[in-house]
Structures are given as structure tokens and as C-alpha cells.
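Let's walk through this one together, question by question. Have the sequence and the 3D view open as we go.

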Amino acid sequence: MLDKTDRKLLRLLQQDCTQSLQAMAEAVNLTSTPCWKRLKRLEDEGYIRGRVALLDNEKLGLGLTAFVLIKTQQHSSEWYQAFVDLTAQMPEVLAFYRMAGEYDYLLQVQVADMKSYDNFYKRLVNGVPGLIDVTSSFAMEKIKYTTALPVPE
């Protein structure tokens, strides 16, 4: 069970996970050792899955964001596993969801340009048979982007 201090630590980590242990401890009114123990417990319990650097897609030349909606008539576990395995090997796929509603799957894809997207698209549709509709929408402007979850009070 998370208490107020745990939640504050999680918020702090989402803002900047490079903060020193001492800085985080001071921010939550703890000494370093109890703060470290809390962080270790939050990791062990799976609240903290990893600590990463967030990169700028534009500076890396990956300016095109595509959202790909997929319909299929294939729903066997073998087909599903082949599809999951294929997308896991595609670094352009940043997010992959199985959906309820009109479409079966949603992919968020990050590539350099339309030619790069076309190459990705061909690998996707040729990689697993049974895709009956692949519809793509392209982001024109990124208005909000965050990886920070709204940790409840």
C-alpha cells in the first residue's frame, strides 16, 4: 500500500530520476537510508519499472508520428503470438495496444519521414498474414506529451 511519502517519491522520480538520493530524501523529509529503502521497496513491488532518459525525436531525425489502427479476422493464439513477436522486433513501434471497439490493435510508430513509414508499413503488412484493414493517421503537431502518470494523492 502506498502512503503519502511513497506517492511524493514517485512524482519526484517522474519529474527527474537523476536527482540525488539526498535531494529526494530532503524533498520528502527523510534521511537517505529510509528514502533508499522506500525506493528499493517501490522497485521490488513493481511500482518503478525502470529509469530512462527521454530523448528528443526531432533532434534524432524522427519527426513523423503515426498512429496505426489494425483490423484482423485472425484471433488464434498462434497468430496473435506471431503478430506480437513481429512488432516487438520493430523499434519504430513505441506503443502497441489490443483494443476493444471497431479496430483490433493500435500502434504508435515513430519514424523519420513518409518514406520511412512506407518501409515500416510494408514490413508490417508483409510480416504477418491476415491483416484486413490497416489505417494510419499522422500527427501534425505534438501539443502535449508526457510519460508521467497522474499519481493519486
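## Salt bridges, pockets and surface

At 32% relative accessibility, E43 falls in the partly exposed class. Keep in mind as we continue that this is a predicted model.

Q: Which residue meets the side chain of E43 in a salt bridge?
A: Side chains of opposite charge can pair when their charged atoms come close. For E43 the N to O distance in the salt bridge is 2.7 Å, and a salt bridge here needs the two atoms within 4 Å. The partner of E43 is R51.

Q: Is R51 buried, partly exposed or exposed?
A: The relative accessible area of R51 is 40%. Buried means under 20% and exposed means over 50%. R51 therefore counts as partly exposed.

Q: How many salt bridges does the structure hold?
A: The pair E43 and R51 is one salt bridge, and R38 with D3 is another. The total for the structure is ten.

Q: How many residues apart in sequence are the parts that R38 and D3 tie together?
A: The closest N and O atoms of R38 and D3 are 2.9 Å apart. R38 lies in helix α3, while D3 belongs to the segment before α1 (4-15), so their salt bridge ties together parts whose separation in sequence is 35 residues.

Q: What is the exposure class of D3?
A: D3 has a relative accessibility of 32%. The class between buried and exposed runs from 20% to 50%, so D3 is partly exposed.

Q: In which helix do both K122 and D118 lie?
A: K122 forms a salt bridge with D118, with 3.1 Å between the closest N and O atoms. The two residues are four apart, about one turn of the helix. K122 is partly exposed at 42% relative accessibility, and the helix that holds both residues is α5 (residues 114-127).

Q: Which residues are joined into one network by salt bridges that share partners?
A: R38 and D3 form a salt bridge, and both belong to this network. Its full membership is D3, D6, R38, R41 and E45.

Q: How much space lies in the largest pocket?
A: By class, its lining has twelve nonpolar, five polar and three charged residues. The space in the largest pocket comes to about 820 Å³.

Q: Which element gives the largest share of the lining of the second largest pocket?
A: This pocket holds about 700 Å³ of space and is lined by 27 residues, with L94, Q108, Q110, K142 and Y145 nearest its centre. The elements that give two or more residues to the lining are β1, β2 (93-98) and β3 (105-111). The largest share, three residues, comes from β2.

Q: Which residues make the nonpolar surface patch of about 360 Å²?
A: One member lies in the loop between α3 (32-44) and β1 (64-72), namely V52. V52 is exposed, because its relative accessible area is 61% and the exposed class starts over 50%. The patch is made by V52, L54 and Y145.

Q: Is V28 buried or exposed?
A: V28 sits in the loop between α2 (21-27) and α3. Its relative accessible area is 8%, and buried means under 20%. V28 is therefore buried.

Q: What distance separates the C-alpha atoms of V28 and P91?
A: Along the chain, V28 and P91 are 63 residues apart. In space, their C-alpha atoms are separated by 37 Å.

Technical notes
Residues are numbered from 1 along each chain as its sequence is written. This is a predicted model: local features need pLDDT of at least 70, side-chain atom pairs count only at pLDDT 80 or more; totals for chains, interfaces and linings use all residues. Side-chain values use heavy atoms; hydrogens and water are left out. Patches are made of residues with over 30% relative accessible area and no salt bridge: like charges are joined within 9 Å, nonpolar side chains (Val, Leu, Ile, Met, Phe, Trp, Tyr) within 5 Å. Accessible areas come from the Shrake-Rupley method with a 1.4 Å probe; for residues, only the protein chains shown count as cover. Buried means under 20% relative accessible area, exposed over 50%, partly exposed in between (1.4 Å probe, protein chains only). On a 1 Å grid over the protein atoms alone, a cavity is a set of points where a 1.4 Å probe fits but cannot get out, and a pocket is an open set with protein on both sides within 12 Å along at least five of seven lines; lining residues have an atom within 4 Å of a point. Grid points are joined across faces, edges and corners, and a volume is the space filled by probe spheres set on the points. Ala, Val, Leu, Ile, Met, Phe, Trp, Tyr, Cys and Pro count as nonpolar, Asp, Glu, Lys and Arg as charged, and the others, Gly among them, as polar.
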